[in-house]
Amino acid sequence: MTENQQHGLQQWHGTTILSVRRNGKVVVIGDGQVSMGNTVMKPNARKVRQLHDGSVIGGFAGATADAFTLFERLEAKLERHNGQLMRAAVELAKDWRTDKYLEALMIVADKDVTLILTGNGDVLEPIEGIAAIGSGGNFALSAARALKDYEKDAEKLARKSMQIAAELCVFTNDQVTIETLDSDT
């Protein structure tokens with residue numbers, strides 16, 4: 001068992017998702033590579049999408065079918081809780097904990113908050129408005145944190161950080177999908 005598995009954190013191979021919140025914008029960006037072992041199966045998958053009539057954006061790392069199931073469940077929770085992302089995320093995390101068959105991590109954001117959701121029941125709000133998941137997540141996160149004092153535009157910062165992650169992580173490519181929202185923070 002790896003150290004990450006011992007602590008309940010899973011390391012996904014085959015994707016990088018990054019969210020950056022800066023100067024009135026929040027961005028979620030994801031690479032397009034789908035890998036099976038050491039083989040690239042698809043270079044242009046869309047792992048980032050809009051939810052709840054465009055008021056929430058999110059990205060996933062993990063099994064595709066599981067991610068779509070989780071997005072559908074989050075949509076239902078958002079409907080039930082009038083678009084309140086924090087409340088919907090907590091309710092999803094409580095349900096997800098009991099369904100150990102769904103293997104994925106998610107980043108979701110609205111105009112107020114960015115969250116990382118896990119199957120362990122975690123609803124984590126990142127520091128400084130920057131969050132990343134997936135096999136290249138630590139590369140993207142490190143790049144974004146290093147560049148944040150030099151790049152004020154959220155989308156430019158996210159794109160440059162993903163470019164760096166794609167150069168370092170063999171499971172991440174430079175064919176990205178990006179969604180942006182206006183932010184209150």
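Where does Ser19 lie? I started there and found Ser19 in strand β1. A reminder to myself before going on: this is a predicted model.

**Entry 1: Ser19**

I looked up the accessibility of Ser19 next. Its relative accessibility is 0%, so I put Ser19 down as buried. Leaving out residues up to four places away in sequence, I listed what Ser19 touches: Val26, Val27, Val28, Ile107, Ala109, Thr114, Gly129, Ile130 and Ala131. I also checked Ser19 against Asp153: they are 134 residues apart in sequence, and their C-alpha atoms are 13 Å apart in space.

**Entry 2: helix α4**

Then I turned to helix α4, which covers residues 137-147. Which residues of α4 are buried? I noted Gly137, Ala140, Leu141, Ala143 and Ala144. Looking down the axis of α4, I see these buried residues fall within an arc of 165 degrees, so they line one face of the helix. A handy rule to keep beside this: an α-helix has 3.6 residues a turn, so residues three or four places apart point the same way. I asked myself what covers the buried residues of α4. The cover includes β1 (16-22), β10 (130-134) and α5 (154-168). That takes me back to Ser19, since β1 is the strand in which Ser19 lies.

**Entry 3: α4 against α5**

How do α4 and α5 pack? The angle between them is about 140 degrees, and their axes are 8 Å apart. That angle makes α4 oblique to α5, because the cut-off for roughly antiparallel is over 145 degrees. The crossing of α4 past α5 is right-handed. On the α4 side, I found Phe139, Ala140, Ala143, Ala144 and Leu147 making the contact. On the α5 side, the contact is made by Leu157, Lys160, Ser161, Met162, Ile164, Ala165 and Leu168. Sorted by class, the residues of this contact are 10 nonpolar, 1 polar and 1 charged.

I picked Ala143 of helix α4 for a separate look. Ala143 counts as buried because its relative accessibility is 8%. Setting aside neighbours within four places in sequence, I find Ala143 in contact with Ser161 and Ile164. Both of those residues also appear on the α5 side of the helix contact. For a distance check I took Lys111: it is 32 residues from Ala143 along the chain, with 23 Å between the C-alpha atoms.

**Entry 4: α2 against α3**

I went through another helix pair, α2 (residues 64-80) and α3 (residues 85-98). These pack at an angle of about 130 degrees, with axes 9 Å apart. That makes α2 oblique to α3. Is their crossing left-handed or right-handed? I have it down as right-handed. From α2, the contact takes in Leu70, Arg73, Leu74, Lys77 and Leu78. From α3, I listed Leu85, Ala88, Ala89, Glu91, Leu92, Asp95 and Trp96. The class count for this contact came to 8 nonpolar, no polar and 4 charged residues.

**Entry 5: positive phi**

Last, I looked at backbone angles. Most residues other than glycine have a negative phi. Asp53, which is not a glycine, has a positive phi of about 55 degrees. I located Asp53 in the loop between β5 (48-51) and β6 (56-62). Asp53 counts as exposed because its relative accessibility is 80%.

Glu128 went on the list too, with a positive phi near 60 degrees. I found Glu128 in the loop between β9 (123-124) and β10. With a relative accessible area of 48%, Glu128 is partly exposed.

Technical notes
Residues are numbered from 1 along each chain as its sequence is written. This is a predicted model: local features need pLDDT of at least 70, side-chain atom pairs count only at pLDDT 80 or more; totals for chains, interfaces and linings use all residues. Side-chain values use heavy atoms; hydrogens and water are left out. Buried means under 20% relative accessible area, exposed over 50%, partly exposed in between (1.4 Å probe, protein chains only). Helices (H or I, at least four residues) and strands (E, at least two) are DSSP runs, numbered from the N terminus. The arc is that of the directions from the helix axis to the C-beta atoms. Contact means heavy atoms within 4.5 Å. Axes are lines fitted to C-alpha atoms, for helices over the stretch in contact, and angles run from 0 to 180 degrees between N-to-C directions. Angles under 35 degrees count as roughly parallel, over 145 as roughly antiparallel, 65 to 115 as roughly perpendicular and the rest as oblique. A crossing is left-handed if the near helix is turned anticlockwise from the far one by less than a right angle, and right-handed if clockwise. Ala, Val, Leu, Ile, Met, Phe, Trp, Tyr, Cys and Pro count as nonpolar, Asp, Glu, Lys and Arg as charged, and the others, Gly among them, as polar.
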